[in-house]
Structures are given as structure tokens and as C-alpha cells.
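Let's walk through this structure together, one piece at a time. Keep the sequence and the 3D view open as you read.

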Amino acid sequence: MSEEQTGWNRDQMAARAAKELQDGYYVNLGIGIPTLVANHIPDGMQVTLQSENGMLGIGPFPYDDEVDPDLINAGKQTISELPHSAYFDSATSFAMIRGGHIDLTVLGAMEVAENGDIANWMIPGKMIKGMGGAMDLVAGVKKIIVVMDHTSKAGDAKFIPSCTLPLTGTNVVDMIITNLGVFHRPDHNSPFRLIELASGVTADEIADKTTAHYDVAL
């Protein structure tokens, strides 16, 4: 008989991130798990999704018979439009981001440091498609949430004392959501605090799989 699942799966992690949305927010979602946040926007809440490649007002993922190959987001996923969707060049899109007009972004990460540094764009020696918009997002967006697995495939901690990979931004992350729990800090001068455990997970398990220093507020 298989053991009961402990921790959150990808969809549950995205659902937890969606709880941070507020009515009227303009939101940018990174590739991977963050794209799933769009599926969990609460009914009746008005949230406008923005994409770096030049779209404001992104609809749900289309069914197979609704796919328009010319309509994609910055992660090259096919998407749908809404009656109020707006299109513009990427320079205008990045002006929105750099100008502080996006309220929240949800990003994936390879590493997050205890001081809020994030590394999420490359691993030295491996081919990359480019740095994308993450560096602009962490510099210009008001709230930065990272959604990631708590450990790497090799079992190494990803929430660590200091990043070892090339940085995307320094002292920028406000919240970390992993498959094991949630860390938050009220400001960029405060340490992260463990504020929530995923189902079936203990604080000791998180401590065993985390090398970063953090407070516990459970």
C-alpha cells in the first residue's frame, strides 16, 4: 500500500500563490509552475495578467480546437484573449514592468538566498535561450513571489545561505512557496519566516532540507 502524499504538488503550490492575489492587481506569471496560478484566480476577482512579449489581459489556456498559433505568452505557450485584451510592442511591455506598474510577479527559481537574492536564469555550462524578463521583473515589480520545489532533483537545498548560481536580482524576494511550506518576510530588512506547512509536512522536515537561516512563526 502506497504512502499518503505529503507536501503540495505543482497545482497546489500554484493555488497557494493565487491566495496572494488581490482585486485589481496587474500580475506577471513566469514560466513553469507560475503559469498554473492563472487557473486559481478566485471567482469574482478582477486580476489582469501581463506578458513581456506585449499583451495585457490574458485569458485562460485554450482548448485544442481554440488554439491560435500566433497568440502566445512570453513562455511560448498558446493562450487566449479577452474582450479587453490589449497588444503592444515589448518595449512598452517592459516600460510597464520597469516603471513599477505591475503589482505582483510569480517566478520559478533554481536558488533563493536567505537575504532574498534569486538565481533563476542560467546554470553555467548549460545552453540557455536567454535571460528573458526576470531581471526586469525582480527590479520593477512591487511584490516578488517565488514558487519552486524545496530541493533539487539531487536532493540539495534550494533555499540556501547565499546563491551559487548567477544572480537574477539581489534582496528582492518577498515570499517563497515550495512543495513543503511557505516563507515570508514583511520587508527586505527582515529575515524570512516559516509561516505555513504543506499538508503532512513538519517543521523538522523543512529544517532538515533547508540550509538558509530563517525564523519560525507557526
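**A guided walk**

Three strands make up an open sheet in the order E7-E6-E9, and their pairing is mixed. Strand E7 (118–119) and E9 are the edge strands, each with a single partner strand, so one side of each has no neighbour in the sheet. Keep in mind as you look that this is a predicted model. Strand E6 (residues 111–113) and E7 run antiparallel and are joined by two bridges. To find this pairing on screen, look for Val112, which stands opposite Ile118 in E7. As background, strands of a sheet pair through backbone hydrogen bonds, either parallel or antiparallel.

Now move along to another set of strands. Strand E11 (residues 181–184) pairs with strand E12 (residues 193–197) in the antiparallel sense, over four bridges. One landmark here is Gly181, whose bridge partner in E12 is Leu197. E12 is also joined to strand E13 (residues 215–216), this time by two bridges and in parallel. Here the residue to look for is Leu194, with Val216 as its bridge partner in E13. Between E12 and E13 the chain passes through helix H4 (residues 203–208), and this β-α-β crossover is right-handed.

Next, turn to helix H1 (residues 10–18). Which residues of H1 are buried? They are Met13, Ala14, Arg16, Ala17 and Ala18. The buried residues of H1 pack against E5, E8, E10, E11 and E12. At the N-terminal end of H1, Asn9 acts as a cap: one of its side-chain oxygens lies 3.1 Å from the backbone nitrogen of Asp11. A general point helps when reading any such helix: an α-helix has 3.6 residues a turn, so residues three or four places apart point the same way.

From H1 we can step into the nonpolar interior. The largest nonpolar core holds 52 residues, and of these Phe159 and Ile177 touch the most other members. What is Ile177 in contact with, leaving aside its neighbours within four places in sequence? Its contacts are Trp8, Met13, Arg16, Ala17, Ile145, Val146, Val147, Met148 and Val182. Among these, Met13, Arg16 and Ala17 have already appeared as buried residues of H1.

Arg16 also leads us to the charged pairs. The structure holds six salt bridges. In general, side chains of opposite charge can pair when their charged atoms come close. In one of the six, Glu20 pairs with Arg16, and their closest N and O atoms are 2.8 Å apart. Are these two residues buried or exposed? Both Glu20 and Arg16 are buried.

Another salt bridge brings together the side chains of Asp136 and Arg98, at 2.6 Å from N to O. Asp136 belongs to helix H3 (residues 134–140) and Arg98 to helix H2 (residues 90–98), so this pair ties together parts that are 38 residues apart in sequence. Asp136 counts as buried because its relative accessibility is 18%, while Arg98, at 57%, counts as exposed.

A further pair joins Asp103 and Lys142, whose side chains meet in a salt bridge of 3.4 Å, N to O. Asp103 sits in the loop between H2 and strand E5 (104–107), and Lys142 in the loop between H3 and strand E8 (143–147), so the parts tied together here are 39 residues apart in sequence. Asp103 is buried, with a relative accessible area of 14%, whereas Lys142 is exposed, with 56%. Salt bridges that share partners also join Arg16, Glu20, Lys143 and Glu196 into one network.

Before you close the viewer, visit two loop residues. Lys76 lies in the loop between strand E3 (55–58) and strand E4 (81–87). Its phi is near 65°, a positive value in a residue other than glycine. Lys76 counts as exposed because its relative accessibility is 61%. The other stop is Asn171, found in the loop between strand E9 (159–160) and strand E10 (175–177). Asn171 is also a residue other than glycine with a positive phi, near 55°. With 29% relative accessibility, Asn171 counts as partly exposed.

Key. Residues numbered from 1 in each chain as written. Predicted model: local features only at pLDDT ≥ 70, side-chain atom pairs only at ≥ 80, totals over all residues. Heavy atoms only, no water. Pairing = 2+ DSSP bridges. Right-handed = clockwise from strand over helix to strand, strands pointing away. Salt bridge = Lys/Arg side-chain N within 4 Å of Asp/Glu carboxyl O. Buried < 20%, exposed > 50% of the residue type's maximum accessible area, 1.4 Å probe, protein only. Core = buried A, V, L, I, M, F, W, Y, C linked by side-chain atoms within 4.5 Å. Contact = heavy atoms within 4.5 Å. Polar contact = N/O pair within 3.5 Å; in protein donor to acceptor, adjacent residues only side chain to side chain.
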